[in-house]
Amino acid sequence: MKERSTARLVVADPEDRVLLFLTYGKDHAVPPRWITPGGGVDPGEDFQAAGVRELREETGLVVETVGEPFHVVDFDVNTVWHPYEVGHWAWFSIRTARFEPSDDGWMPDEHEDIVASRWWTADELEASGESFEPDDLPELIRRGIARL
């Protein structure tokens, strides 16, 4: 696979903390990094439908809509993390009460690759020294929250 379209979700609580997952990429040879919930757009889906589905599968949170994207970007992928070369991301933001994410909808590889979840502020993530993806994730978090 050379290209992949993905819906990414900034899931913010009332205190502007966002849910992130510490997860491995294409293999465990590279340390994990923090990412937002989200995933690939399936055949016949649009980005919004993928966002609703991925939110349910990855967190257990059920919503009717994720609204309109606040950011859409085509980019060259960091192949350290991904087995494809070109990415198409649509970023959405939603606000919800803080909750404990459920792994009931995870695929088998997600049970191996996702090692932690945490609610972060953009400032905490930026100051943490932890790896995250994309490189501008704290700014994307701020942009997503500003739209709520």
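1. A quick yardstick before anything else: the expected span of a helix is 1.5 Å times one less than its number of residues. Keep in mind that this is a predicted model. Helix α1 covers residues 47-59, so its 13 residues ought to span 18 Å, and the C-alpha atoms at its ends sit 17 Å apart, which agrees.

2. Now the two ends of α1. At its start, a side-chain oxygen of Asp-46 comes within 3.2 Å of the backbone nitrogen of Gln-48. Just past the helix, Gly-60 has a positive phi of about 90°.

3. Which residues of α1 are buried? The list runs Ala-50, Gly-51, Val-52, Arg-53, Glu-54, Leu-55, Glu-57, Glu-58 and Thr-59. Charged side chains are on it, so have a look at Glu-54 in particular: its relative accessibility is 7%, and buried means under 20%, so Glu-54 counts as buried.

4. What does Glu-54 touch, leaving aside neighbours within four places in sequence? Its contacts are Gly-38, Gly-39, Gly-40 and Thr-59.

5. On to the nonpolar packing. The largest core has 19 residues, and those touching the most other members are Val-18, Leu-20, Trp-34, Trp-91, Leu-125, Leu-137 and Ile-141. At least two residues of this core come from each of β1 (3-12), β2 (18-23), β6 (86-95), α3 (122-127) and α4 (137-146). Helix α4 gives the largest share, with four residues.

6. There is also a second, separate core of 17 residues, and its members include Ala-7, Val-11, Leu-55 and Trp-119. You've met Leu-55 already, among the buried residues of α1.

Notes:
Residues numbered from 1 in each chain as written. Predicted model: local features only at pLDDT ≥ 70, side-chain atom pairs only at ≥ 80, totals over all residues. Heavy atoms only, no water. Buried < 20%, exposed > 50% of the residue type's maximum accessible area, 1.4 Å probe, protein only. Polar contact = N/O pair within 3.5 Å; in protein donor to acceptor, adjacent residues only side chain to side chain. Contact = heavy atoms within 4.5 Å. Core = buried A, V, L, I, M, F, W, Y, C linked by side-chain atoms within 4.5 Å.
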